[in-house]
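The following exchange examines how certain descriptive terms are justified from computed values. Please consult the sequence and the model while reading.

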Amino acid sequence: MPPIPEIRPGQSLELLQALHILTRDGKLNQDSRRKLKQVNHLFHFIEPLLAELVATNGTLTLADHGAGKSYLGFILYDLFFKSRDDGHIYGIETRPELVDNARDLASRLGFARMSFLNLCVENAIDSPALPAQIDLVTALHACDTATDDAIRFAFHKQAKFIVLVPCCQAEVAAQLRSKKNESFARTPLSEIWRHPLHTREFGSQLTNALRCLQLEARGYQLQVTELVGWEHSLKNELIVARHTGQPRGNATARLEQILHQLNLDGLRDRFIY
């Protein structure tokens, strides 16, 4: 059988089959090809961060928040951690059946330095099952406020890097929608989200802009780009944050001004704490 271009040299075919990315006969269908392309492309962004952490720290810890079936964690372990003698990946997920399945798969593959924790973010922050400091926090398609939970977790764990692919940002859009009539009388900017489709799309973009300001206020330098082409996923924004310890001076003020001007003061505690 000819090689599949999307599969990297040495990548575990058993893992890809267990994740249902490869079929039993070792083939890719259209949906699994798209999924593999997304995860491998994300690995392209994360690999140099892992290498930098190893070079500076000598080891590394990674927490994948809202891990789901742990596609990302398993791919990272297979392509980077497996060849090393140290480093640990923690998959954090609230659905116990997914945690159990991931534990079984890691045991079957011999991925000894992977832990899967059935925790919500509030409990994960203080859980003794996690170290006090995590080097890199990821959240791939963590839905709605789960991305914000991952950011809060990363702040508590003093993460050097945060890698986010936000998804289904509904909270800000819901606030815009609930105060739409009040906002019409308050600011002409309300025309931006007057129509329901624009409310959803503007709410999504605004959420990520607020998150970026929140990260910059905490001393992170950002790279914001596309994960893959829009033909593969509409939830496509990738935010890579590097902690420099130098906060952007006006980031918090900008956050407060935007929330106030758009009649979103009720969300202040979500983005400023």
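**Terms and their grounds**

Q: What makes R84 count as partly exposed in this predicted model?
A: R84 has a relative accessible area of 23%. Partly exposed lies between under 20%, which is buried, and over 50%, which is exposed, so R84 is partly exposed.

Q: Why is the pairing of R84 and D86 called a salt bridge?
A: The side chains of R84 and D86 meet at 2.9 Å, N to O. The cut-off is within 4 Å, so the pair qualifies as a salt bridge. D86, with a relative accessible area of 26%, is partly exposed.

Q: Why is E216 called buried, whereas R248, its salt-bridge partner, is called partly exposed?
A: E216 has 18% relative accessibility, and buried means under 20%, so E216 counts as buried. R248 stands at 36%, between the two limits of 20% and 50%, and therefore counts as partly exposed. The closest N and O atoms of the two residues are 3.0 Å apart.

Q: Why is helix α6 called roughly parallel to helix α9?
A: The axes of α6 (residues 146-156) and α9 (residues 196-217) cross at roughly 5° and come within 12 Å. Angles under 35 degrees count as roughly parallel, so α6 is roughly parallel to α9. T147, D148, I151 and F155 of α6 make the contact with R211, Q214 and L215 of α9.

Q: What makes the salt bridge of R242 and E52 a link between distant parts of the chain?
A: R242 lies in strand β7 (residues 237-243) and E52 in helix α2 (residues 30-57), 190 residues apart.

Note on methods. Residues are numbered from 1 along each chain as its sequence is written. This is a predicted model: local features need pLDDT of at least 70, side-chain atom pairs count only at pLDDT 80 or more; totals for chains, interfaces and linings use all residues. Side-chain values use heavy atoms; hydrogens and water are left out. Axes are lines fitted to C-alpha atoms, for helices over the stretch in contact, and angles run from 0 to 180 degrees between N-to-C directions. Helices (H or I, at least four residues) and strands (E, at least two) are DSSP runs, numbered from the N terminus. Angles under 35 degrees count as roughly parallel, over 145 as roughly antiparallel, 65 to 115 as roughly perpendicular and the rest as oblique. Contact means heavy atoms within 4.5 Å. Buried means under 20% relative accessible area, exposed over 50%, partly exposed in between (1.4 Å probe, protein chains only).
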